[in-house]
Amino acid sequence: MNDTGRAMVLRVFSYHWLLYRRTWRASIVIGLVNPLLFLTGIGIGIGKLIDSAPQHALGGVPYLSFLAPGLLAASAMQMAFGSSAFAVFFAAEPTGSYTAAAATPVSPTHILLGHQLFTAFRVALLSTGFVIVQVLLGAARSPWVVVTIPAAALTAAAFGAPAAAWAITAKRFPTIQAAFRFLIQPLYLLSGTFFALSTAPVWLQRVAYVSPLWHGVELCRGLSLGQLRVLPMLVHLGFLCVVTVAGLTVARGTYRRRLHP
């Protein structure tokens with residue numbers, strides 16, 4: 001991409017940043033408040049019961065330390081889906097911001113990349129606040145916890161790009177709502193966020209292994225606990241990067257067909 005193209009992407013990013021500065025109070029609930037409530041309520045409350053059990057599947061890791069990085073990755077997924085499915089659907093409507101931008105020299109690819117760049121930035125921004133609280137609660141067990149912030153942003157990109165590629169083709173809003181209810185919410189609960197996946201049925205483990213969220217959870221958890229080896233880290237990073245690139249590649253086509261028919 002040449003200098004002009006990068007400038008256009010940054011213009012789109014600037015629009016979303018300006019809008020966010022005016023509406024951040026509403027979006028901060030799902031991005032920061034909800035995961036912190038889960039962290040304190042479940043991680044500290046129920047965590048005391050789990051930690052006091054004679055045997056559990058966490059390998060001696062306090063439940064609060066186990067839960068925190070999983071919530072970080074799961075919250076990144078939710079924020080990315082909201083920004084790249086719900087927001088994209090409305091932006092692509094005849095009166096939406098995408099339609100207005102497409103009438104200017106900004107191309108569909110610029111619109112896509114600027115929006116996805118902002119989504120990753122927003123996730124990184126809110127993840128920073130979460131990690132600070134995680135450290136203050138004593139849930140972080142390694143200095144590598146700071147790297148969970150870009151790891152969460154990458155997890156968001158792995159969901160955001162495919163979600164945007166699909167959402168811009170959707171014709172009805174209930175379709176987006178159904179995807180959140182029957183795909184995103186089950187992944188939130190069943191991808192190792194709240195429990196060790198090794199305790200789940202084999203079929204559920206196999207489903208989770210092909211989910212970007214499981215790879216994001218494992219990446220963030222390994223970094224936060226200081227237990228991530230090089231090879232697994234490369235596998236998780238590679239999987240998330242491949243899904244992101246594939247989503248952006250497909251999205252370039254779907255954006256072009258919708259915005260420049």
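Which residues is Leu 213 in contact with, leaving aside its neighbours within four places in sequence? In this predicted model, they are Ala 73, Ala 74, Met 77, Phe 159, Leu 187, Tyr 188, Ser 191 and Thr 193. Leu 213 is also among the residues with the most contacts inside the largest nonpolar core, which has 75 residues. The points below cover the cores, the aromatic pairs, the charged side chains, the cysteines and two individual buried positions.

**Nonpolar cores**

- Besides Leu 213, the residues with the most contacts inside the 75-residue core are Phe 81, Tyr 98, Phe 130 and Tyr 255.
- The elements that give two or more residues to this core are helix H1 (3–52), H2, helix H3 (97–102), H4, helix H5 (148–167), H6, helix H8 (212–225) and helix H9 (230–259).
- H2 supplies the largest share of the core, with 18 residues.
- A second core, separate from the large one, has 5 residues, including Leu 197, Ala 200, Leu 204 and Trp 214.
- In soluble globular proteins, nonpolar side chains tend to be buried together.

**Aromatic pairs**

- Across the whole structure, 16 aromatic pairs are found.
- In one of them, the ring centres of Phe 89 and Phe 173 are 5.7 Å apart and the planes stand at 45 degrees, so this pair is tilted.
- Phe 89 belongs to helix H2 (residues 63–91) and Phe 173 to helix H6 (residues 173–190), so the pair ties together parts that are 84 residues apart in sequence.
- The two partners differ in burial: Phe 89 counts as buried at 5% relative accessibility, whereas Phe 173 is partly exposed, with a relative accessible area of 23%.
- The rings of Tyr 188 and Phe 194 also make a tilted pair, with centres 5.8 Å apart and planes at 50 degrees.
- Both Tyr 188 and Phe 194 are buried, and Tyr 188 is one of the residues in contact with Leu 213.
- Phe 89 and Phe 173 are members of one aromatic cluster, together with Phe 81, Phe 86, Phe 90 and Phe 180.
- Within that cluster, Phe 81 is also among the residues with the most contacts inside the largest core.

**Charged side chains**

- The structure holds 2 salt bridges.
- One joins Glu 93 to Arg 258, with the closest N and O atoms 3.9 Å apart.
- This pair links distant parts of the chain, since Glu 93 sits in the loop between H2 and H3 and Arg 258 in helix H9, 165 residues apart.
- Both ends are partly exposed: Glu 93 has 28% relative accessibility and Arg 258 has 26%.
- The other salt bridge pairs Arg 221 with Glu 218, where the closest N and O atoms are 4.0 Å apart.
- Arg 221 and Glu 218 both lie in helix H8, 3 residues apart, which is about one turn of the helix.
- At 6% relative accessibility Arg 221 counts as buried, while Glu 218 is partly exposed at 27%.
- Arg 221 also lies over the face of Phe 66, at 3.6 Å from the ring centre.

**Cysteines**

- The count of disulfides is 0.
- The closest cysteine sulfur to that of Cys 220 is in Cys 241, 13 Å away, which is too far for a bond.
- For Cys 241, the closest cysteine sulfur is in turn that of Cys 220, at the 13 Å already given.
- Cys 220 is buried, with a relative accessible area of 0%, whereas Cys 241 is partly exposed at 36%.

**Two buried positions**

- Leu 58 is found in the loop between H1 and H2, and counts as buried at 12% relative accessibility.
- Not counting residues up to four places away in sequence, Leu 58 touches Ile 50, Tyr 63, Phe 66 and Ala 196.
- The C-alpha atoms of Leu 58 and Ala 196 are separated by 6.7 Å, although the two residues are 138 residues apart along the chain.
- Phe 66 is thus named twice: as a residue touched by Leu 58 and as the ring under Arg 221.
- Ser 127 lies in helix H4 (residues 108–136), and counts as buried at 2% relative accessibility.
- Leaving aside its neighbours within four places in sequence, Ser 127 is in contact with Leu 72, Ile 149 and Ala 152.

Definitions and conventions:
Residues are numbered from 1 along each chain as its sequence is written. This is a predicted model: local features need pLDDT of at least 70, side-chain atom pairs count only at pLDDT 80 or more; totals for chains, interfaces and linings use all residues. Side-chain values use heavy atoms; hydrogens and water are left out. Helices (H or I, at least four residues) and strands (E, at least two) are DSSP runs, numbered from the N terminus. Buried means under 20% relative accessible area, exposed over 50%, partly exposed in between (1.4 Å probe, protein chains only). Contact means heavy atoms within 4.5 Å. Rings of Phe, Tyr and Trp (its six-membered ring) pair if their centres lie within 6.5 Å; planes under 30 degrees apart count as stacked, over 60 as edge-to-face and the rest as tilted. A charge sits over a ring if NZ of Lys or CZ of Arg is within 6 Å of the ring centre and within 35 degrees of the ring normal. A nonpolar core is a set of buried Ala, Val, Leu, Ile, Met, Phe, Trp, Tyr and Cys residues joined through side-chain atoms within 4.5 Å. A disulfide is a pair of cysteine sulfur atoms within 2.5 Å.
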